[in-house]
Amino acid sequence: MYKRKQVGGIQEVFIEPKSMTVRSAEKIINLIEKIGGHVRHVFQPAGLLAMVPAGKVAGLKGKAGIQTVHTGEISMKTRSARVHAKHLAYTAWNDHIGGSRRVRALESRDLGKSWGASGKKPLHPPKNIEQHFRRLEATMMPKVRTARGARGARGARGAPNFNIPVLVGRVGVGVVFVDSTVAKYKITNQEKSKIVSELTEGLNMLAGFEPRAKIQWFYDFKRPSISLAANKFTAANKNSWENLWRDEAMKKMGYTANTAGMNKYIADVKKKTKAQWAYALYVTKYDKTWFAYYWGNHVVMDFAVDGWGINNFSRVVAHETGHVFGCPDEYSNAGCNCTSLHGRYQIKNGNCKTCASPFVPCLMEANTEAVCDYTRGHLGWNELAVQSKGTTTLKGTWTFDFDSGVQGPSGGADIWWEQVNNTIRLLVPQSGAMLKHMGKPNFDAVSYQTLTAQAYTTTPINGSNNSANKLKPGSVIAIKTSAGRYAKMKINSYGYNLGITWVTYK
């Protein structure tokens with residue numbers, strides 16, 4: 001049996017409690033967080049996948065109702081002795097810690113390809129199908145609620161849209177395998193195990209892009225088996241294909257056979273898991289208008305994800321989940337542009353490949369395990385862990401401390417807006433702080449991760465009132481503060497006084 005070794009750092013473990021309820025899971029989550037770890041996945045009724053400080057793993061058993069802690073492969077005997085939902089979770093864990101799945105992914109000839117690559121169907125549906133989904137969406141979505149609190153009005157362009165979720169905290173995922181008694185549409189247990197493995201890897205990757213979001217995926221697995229025959233799906237009723245099998249599945253699960261039944265199921269998942277947000281993921285071999293898509297509050301996936309293949313399912317599902325949380329497509333033939341606004345905080349789609357300069361590889365554009373700063377903004381991550389933020393006027397000859405957001409502090413200032421004479425002006429780092437001029441990127445899309453990667457120096461930035469001025473409106477300065485935090489500052493207006501906006505991260 002494969003035994004995973006760990007020396008120092010963080011150890012991934014699969015935890016089985018004596019009983020598995022949301023309440024018992026929360027006791028374990030609290031314990032794991034108390035010792036400096038994090039629970040990433042909760043599989044009901046099987047257990048929890050957590051990252052735990054390696055030195056604390058041995059002491060977990062017996063605490064907070066923990067019965068078993070697995071650090072290596074779970075044996076076939078153990079898996080076969082359990083209920084099907086547990087078998088799915090155990091198989092996903094074994095695939096996760098083993099190397100074969102990752103080697104297959106690394107060797108895939110599709111890795112890094114644009115989702116709009118030649119010879120493949122793009123993830124973005126054709127225009128007529130996309131318009132159909134948006135019309136459906138419009139019938140069930142609430143009126144826009146903006147930062148001003150107005151309902152039924154969009155308000156100022158760029159105002160936050162609070163009906164769009166942010167990807168933080170606990171998320172309920174209702175995974176519905178729409179199975180069939182018809183051989184053509186039947187999903188085998190082996191195929192279900194593969195899907196769960198790929199699904200959890202994709203969502204694990206997505207959560208791993210931003211640890212500060214403390215994302216927890218709580219899964220609710222359903223597998224209704226329906227009996228719709230192939231002759232029910234014709235060219236004439238193509239726009240209703242999803243309705244046919246989805247409504248039958250909802251009825252089989254005890255809900256009404258319509259979108260209201262689906263909404264009730266998602267609301268139940270959210271309530272049961274005590275999640276901040278929930279959505280449904282339908283996986284089926286039944287006919288679909290497109291092989292992978294989302295609208296409203298759910299994602300639909302074909303088992304084989306068309307020509308991309310099951311081994312790329314993980315990144316496809318991560319991409320589609322990005323849509324659920326406000327991310328737009330960034331590949332050229334999806335019709336993207338760099339000025340459209342997306343996500344709760346209405347960030348521009350500045351990494352659209354048709355207009356971005358430079359373009360940065362990103363999950364929303366290609367089959368890749370990376371996200372760009374704009375996608376981080378769309379997911380709501382730019383607002384995480386803010387130490388201080390605001391807009392002010394930095395007066396000439398004054399200092400500013402980004403940690404506290406105070407101008408002219410008695411000590412510990414990070415910059416000095418020095419006026420050498422009527423022409424020579426310098427932005428001077430103070431108290432061990434360092435600066436980096438970033439040019440004029442989208443300020444909202446500059447993430448904490450981007451700030452940590454800058455090449456900082458103690459060299460002053462020339463802000464003289466002549467052609468050498470580098471502090472023109474729109475300029476963004478990255479700061480590593482005297483306290484070791486990272487901050488960003490945008491120049492709104494230039495003169496003896498500087499109009500600035502800043503954000504400092506914890």
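How many residues of the lining of the largest cavity are nonpolar, how many polar and how many charged? I began with this point, working from a predicted model.

**Entry 1. Cavities**

I searched the whole structure for cavities of 30 Å³ or more, and the search returned three. The largest cavity holds about 50 Å³ of space. I listed its lining as His 41, Phe 43, Leu 49, Ala 92, Trp 93, His 96, Thr 200, Glu 201 and Asn 204. By class, four of these lining residues are nonpolar, four are polar and one is charged. I then asked which elements each supply at least two residues of this lining. They are β2 (38-43), α3 (84-97) and α6 (189-208).

I turned next to the second largest cavity, whose volume is about 30 Å³. Its lining consists of Glu 210, Arg 212, Arg 376, Trp 381, Asn 382, Ser 447, Tyr 448, Gln 449 and Tyr 505. Here I recorded three nonpolar, three polar and three charged residues.

**Entry 2. Nonpolar cores and helix α6**

I looked up the largest nonpolar core and found that it has 90 residues. Trp 217 and Met 301 are the residues with the most contacts inside this core. The element that gives the most to the core is α6, with seven residues. Apart from this core I noted another, of 18 residues, including Met 20, Ala 25, Ile 29 and Leu 48. As background, nonpolar side chains in soluble globular proteins tend to be buried together.

I then listed the contacts of Trp 217, setting aside residues up to four places away in sequence. Trp 217 touches Arg 40, His 41, Val 42, Leu 167, Val 171, Val 173, Leu 203, Asn 204, Leu 206, Ala 207, Tyr 279 and Thr 321. Among these, I recognised His 41 and Asn 204 from the lining of the largest cavity.

Within helix α6 I also examined Ser 193. Is Ser 193 buried or exposed? Its relative accessibility is 7%, so Ser 193 counts as buried, the cut-off being under 20%. With neighbours within four places in sequence left aside, Ser 193 is in contact with His 87, Leu 88 and Thr 91.

**Entry 3. An open antiparallel sheet**

I followed the order of strands in one open sheet and read it as β15-β14-β16-β17-β19, five strands with antiparallel pairing. Why is one side of β15 (406-407) and of β19 left without a neighbour in the sheet? Both strands stand at the edges, and each has a single partner strand, so one side of each has no neighbour there.

I went through the pairings one at a time. Strand β14 (residues 399-401) pairs with β16 in the antiparallel sense over two bridges. The bridge partner of Thr 399 in β16 is Trp 416. Strand β16 (residues 415-419) is joined to β17 by five bridges, and the two run antiparallel. Within that pair, Trp 417 has Leu 427 of β17 as its bridge partner. I also noted that β16 and β17 form a hairpin, with five residues between them. On to β19 (residues 461-462): two bridges join this strand to β17, again in the antiparallel sense. Leu 426 stands opposite Asn 462 in β19.

How many of the five residues of strand β17 (residues 425-429) are buried? I recorded four, so β17 is largely enclosed by the rest of the structure.

**Entry 4. Backbone geometry**

I closed with a check of the backbone. In general, most residues other than glycine have a negative phi, and most peptide bonds are trans. I noted the following departures.

- The peptide bond from Gln 44 to Pro 45 is cis, with omega near 5°; Pro 45 is found in the loop between β2 and β3 (47-53).
- Ser 357 and Pro 358 are also joined by a cis peptide bond, with omega about 0°; I placed Pro 358 in the loop between β12 (347-348) and α10 (373-379).
- Gln 346 has a positive phi, near 50°, and lies in the loop between β11 (341-342) and β12.
- Ser 431 has a positive phi, near 55°, and lies in the loop between β17 and β18 (434-437).

Notes:
Residues are numbered from 1 along each chain as its sequence is written. This is a predicted model: local features need pLDDT of at least 70, side-chain atom pairs count only at pLDDT 80 or more; totals for chains, interfaces and linings use all residues. Side-chain values use heavy atoms; hydrogens and water are left out. On a 1 Å grid over the protein atoms alone, a cavity is a set of points where a 1.4 Å probe fits but cannot get out, and a pocket is an open set with protein on both sides within 12 Å along at least five of seven lines; lining residues have an atom within 4 Å of a point. Grid points are joined across faces, edges and corners, and a volume is the space filled by probe spheres set on the points. Ala, Val, Leu, Ile, Met, Phe, Trp, Tyr, Cys and Pro count as nonpolar, Asp, Glu, Lys and Arg as charged, and the others, Gly among them, as polar. Buried means under 20% relative accessible area, exposed over 50%, partly exposed in between (1.4 Å probe, protein chains only). Two strands pair if DSSP finds at least two bridges between them. A nonpolar core is a set of buried Ala, Val, Leu, Ile, Met, Phe, Trp, Tyr and Cys residues joined through side-chain atoms within 4.5 Å. Contact means heavy atoms within 4.5 Å.
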